[in-house]
Amino acid sequence: MSSIFTKIVNGEIPCYKIYEDEKTMAFLDINPETPGHTLVIPKVEVDKIYELSDEDYTALMNTVKKLSVHMEKVLGARTLWKVIGTDVPHAHVHLLPFDKTWHQDRHVELTEDEFKEIQKKLEIK
Ligand code: 5GP
């Protein structure tokens with residue numbers, strides 16, 4: 001059975017997409033810790049990041065870097081990079097924009113309109 005993220009890649013589940021290329025995709029986390037909380041995934045489905053081929057790993061991290069630079073430019077924010085992977089068995093990096101200082105245990109409730117507004121601000125076409 002496909003992971004929930006593969007279903008997003010295949011368009012079977014909707015998402016607020018930020019970026020896509022041949023090997024990677026990025027979309028807003030549905031349960032964000034900060035506004036702009038983004039998940040960057042490889043299109044190939046593996047559980048752990050270190051199971052990726054060198055080529056797919058490099059593609060994933062290049063997208064993480066590209067989006068961090070973009071978020072800093074667009075939001076004026078730094079980004080925290082986080083790998084957890086306890087909930088969804090499809091490799092992914094969390095990108096969390098934040099101002100000045102990082103605090104643990106963050107959470108924000110966003111309306112659909114707010115998700116769309118952030119998506120519009122962050123998306124790279
Ligand atoms: P982790 O596996 O790194 O512990 O957490 C998985 C992350 O994926 C969580 O932050 C969760 O909110 C997010 N997530 C789970 N299901 C979906 C989904 O269907 N769509 C989106 N956009 N994010 C999801």
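This report describes charged pairs, aromatic pairs and ligand contacts in one predicted model.

The model is predicted, so local features need pLDDT of at least 70 and side-chain atom pairs count only at pLDDT 80 or more, while totals for chains, interfaces and linings use all residues. Residues are numbered from 1 along each chain as its sequence is written, and side-chain values use heavy atoms, with hydrogens and water left out.

**Salt bridges**

Side chains of opposite charge can pair when their charged atoms come close. A salt bridge here is a side-chain nitrogen of Lys or Arg within 4 Å of a carboxyl oxygen of Asp or Glu. The structure has eight salt bridges by this rule. Three of them are described below, with the distance between N and O atoms.

| Lys | Acidic partner | N to O distance |
|---|---|---|
| Lys-17 | Glu-20 | 2.5 Å |
| Lys-23 | Glu-55 | 3.8 Å |
| Lys-23 | Asp-56 | 2.9 Å |

Lys-23 and Glu-55 link distant parts of the chain: Lys-23 is in the loop between strand 1 (17–20) and strand 2 (24–28), Glu-55 is in helix 2 (residues 54–75), and they are 32 residues apart. Helices (H or I, at least four residues) and strands (E, at least two) are DSSP runs, numbered from the N terminus.

The side chain of Lys-23 also meets that of Asp-56 in a salt bridge. Asp-56 lies in helix 2, so this pair ties together parts that are 33 residues apart in sequence. Through salt bridges that share partners, Lys-17, Glu-20 and Lys-43 belong to one network.

Exposure is given as relative accessible area: buried means under 20%, exposed over 50%, and partly exposed in between (1.4 Å probe, protein chains only). Lys-17 is partly exposed at 32%, and Glu-20 is partly exposed at 33%. Lys-23 is partly exposed at 24%, whereas Glu-55 is exposed at 54%. Asp-56 is buried at 14%.

**Aromatic rings**

Rings of Phe, Tyr and Trp (its six-membered ring) pair if their centres lie within 6.5 Å; planes under 30 degrees apart count as stacked, over 60 as edge-to-face and the rest as tilted. The whole structure holds three aromatic pairs. In one of them, the ring centres of Phe-5 and Phe-27 are 5.5 Å apart and the planes stand at 70°, so the pair is edge-to-face. Phe-5 belongs to helix 1 (residues 4–9) and Phe-27 to strand 2, 22 residues apart. Both Phe-5 and Phe-27 are buried.

Another pair, Tyr-16 with Phe-115, is stacked, with 4.9 Å from centre to centre and 5° between the planes. Tyr-16 is in the loop between helix 1 and strand 1, and Phe-115 is in helix 3 (residues 112–122), 99 residues apart. Tyr-16 is buried at 17% relative accessibility, and Phe-115 is buried at 7%.

**Ligand**

Which residues are closest to the ligand? They are Asp-29, Gly-85, Asp-87, His-92 and His-94, among 16 residues that surround the ligand (a heavy atom within 4 Å). An oxygen atom of the ligand is 2.9 Å from a polar backbone atom of Gly-85. For Val-88, a polar backbone atom is 3.0 Å from an oxygen atom of the ligand. With His-92, an N or O atom in the side chain is 2.6 Å from an oxygen atom of the ligand. The protein covers 85% of the 520 Å² of accessible area that the ligand has on its own, by the Shrake-Rupley method with a 1.4 Å probe.

Methods
Polar contact = N/O pair within 3.5 Å; in protein donor to acceptor, adjacent residues only side chain to side chain.
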